[in-house]
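Biologist: I am new to this structure and would be grateful for a close look at a single part of it. Please choose one part and explain how it is built and what surrounds it.

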Amino acid sequence: MDQSLENIFQKQLDTMQRIELFLNIYKCKAFVADDLRALKEEASSAAEKLKCTKEYLEIDRKDVCSQFMEIMQKMRRNELLMLHLLEVGTLVEQNENAKPAAQSSSSKQQMPLKELQNESNPSKMHLLDYSKSPFALRSKPRNFHFYDFDAEIKEEQFETIPKYLKGRMQLSELKQFLENEVIKCFEEKYTLMYKHRKVIVNQHDLNLWKEYNSQQANFPDDKFITQDDLSRKSGKVVDKKSYAKLQMLRHLHILREVRSEGTIYFLWIYSK
């Protein structure tokens with residue numbers, strides 16, 4: 001009973017203290033009301049300024065991005081123009097060098113114009129140079145050869161291939177398969193793949209271009225072809241004999257086979 005009375009008195013005492021605190025605060029209302037209103041107005045003004053600053057930064061960011069894109073486009077156009085001028089300059093220089101040689105040796109047969117053009121526009125280059133050259137902006141198909149896919153099989157390397165894999169195959173046959181099937185498949189693929197999208201007008205080529213660039217995401221740092229690419233190149237399914245040749249090229253560290261999502265990839269790993 002005494003405990004209950006003590007609790008009641010304690011609650012009443014707490015209530016009285018809170019009332020006293022409220023009265024003390026209420027007495028100070030006249031002194032702090034103006035400060036609180038000023039603080040509220042300053043907070044509202046700061047929020048408005050912060051919003052304006054954010055909008056300004058967003059507009060400025062868009063302007064900077066637009067200017068950056070415009071500068072990059074100008075740089076790209078200038079780069080293509082320089083490559084074109086370099087190509088024309090090389091042609092002019094070779095023509096000037098060819099004139100004295102033709103005059104000094106009248107017995108030599110004059111080189112046909114078409115042949116001269118082929119000499120001044122070499123069809124073999126590095127892939128990086130091709131991707132930046134005017135040829136990547138031309139829709140007209142042209143056969144290119146790339147130093148990136150140069151490979152050589154020596155006799156002593158061929159002899160290291162196990163007998164069960166090599167069978168009766170000769171070195172010349174494997175070289176022919178490498179040059180005429182594998183390397184040409186690489187070259188045709190990357191000649192198309194490195195072209196600019198806007199110059200590809202043939203729907204079949206466009207579908208291949210999209211497929212190549214989609215697959216490149218799986219191996220961004222490698223050059224590769226697929227078994228389907230080889231079949232498309234030869235016009236027939238890769239048979240057991242052709243697959244055995246591919247395994248020999250794997251043994252010689254020219255190709256590496258990778259299987260991913262039901263597709264067989266052959267990565268170019270040859271290094272001189």
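Modeller: The answer below turns to one sheet and its surroundings, after a short view of the whole.

The model is predicted, so local features are given only where pLDDT is at least 70 and side-chain atom pairs only at pLDDT 80 or more, while totals for chains, interfaces and linings use all residues. Residues are numbered from 1 along each chain as its sequence is written, and side-chain values use heavy atoms, with hydrogens and water left out.

The protein has ten helices and five strands; helices (H or I, at least four residues) and strands (E, at least two) are DSSP runs numbered from the N terminus. Of its 272 residues, 26% are buried, where buried means under 20% relative accessible area, exposed over 50% and partly exposed in between, with a 1.4 Å probe and protein chains only. Contact here means heavy atoms within 4.5 Å. Among contacts between residues at least 6 apart in sequence, 59% join residues at least 24 apart.

The part chosen is an open sheet of three strands, in the order β3-β5-β4 with antiparallel pairing; two strands pair if DSSP finds at least two bridges between them. At the edges stand β3 (224-226) and β4 (255-260), and each has a single partner strand, so one side of each has no neighbour in the sheet. On average, neighbouring strands are turned by 30° against each other, direction ignored. Such angles run from 0 to 180 degrees between N-to-C directions, with axes fitted to C-alpha atoms, for helices over the stretch in contact.

The pairing of β4 with β5 (residues 263-268) is antiparallel and consists of six bridges. Within it, arginine 259 has isoleucine 264 of β5 as its bridge partner, and arginine 256 stands opposite leucine 267 of β5. Two residues lie between the strands of this hairpin, where glutamate 261 takes a positive phi near 55°.

Helix α7 (residues 171-193) packs on this sheet, touching β3, β4 and β5, and its direction makes about 105° with that of β3. Lysine 189 lies in α7 and counts as buried because its relative accessibility is 1%. Apart from neighbours within four places in sequence, lysine 189 is in contact with Tyr212, Gln215, Phe224, Ile225 and Asp229. The last of these contacts leads to α9 (227-234), in which Asp229, Leu230 and Ser231 are buried. The cover of the buried residues of α9 includes α7, α8, β3, α10 and β5. Just after α9, glycine 235 takes a positive phi of about 80°.

Next comes helix α10 (residues 240-251), whose twelve residues should span 16 Å at 1.5 Å a residue; its end C-alpha atoms lie 17 Å apart, which agrees. The expected span is 1.5 Å times one less than the number of residues. The buried residues of α10 are Ser242, Lys245, Leu246, Gln247, Met248 and Leu249, and they pack against α6 (163-166), α7, α9, β4 and β5. Just after α10, histidine 253 takes a positive phi of about 60°.

Strands and helices of this region also share a nonpolar core, that is, a set of buried Ala, Val, Leu, Ile, Met, Phe, Trp, Tyr and Cys residues joined through side-chain atoms within 4.5 Å. The largest such core has 46 residues, and Ile153, Leu174, Val182, Leu249 and Leu255 touch the most other members. Two or more residues come from each of α4 (127-132), α7, α8 (203-216), β3, α10, β4 and β5. The largest share, eleven residues, comes from α7. Isoleucine 153 is in contact with Phe158, Leu171, Leu174, Lys175, Leu178, Leu249, Leu252 and Ile254, leaving aside neighbours within four places in sequence.

Although α4 gives residues to this core, leucine 128 in that helix counts as exposed, because its relative accessibility is 53%. From leucine 128 to tyrosine 194, 66 residues apart in sequence, the C-alpha atoms are 9.2 Å apart.

In summary, the sheet has the order β3-β5-β4, α7 packs on it, and the buried residues of α10 pack against α7, β4 and β5, among others.
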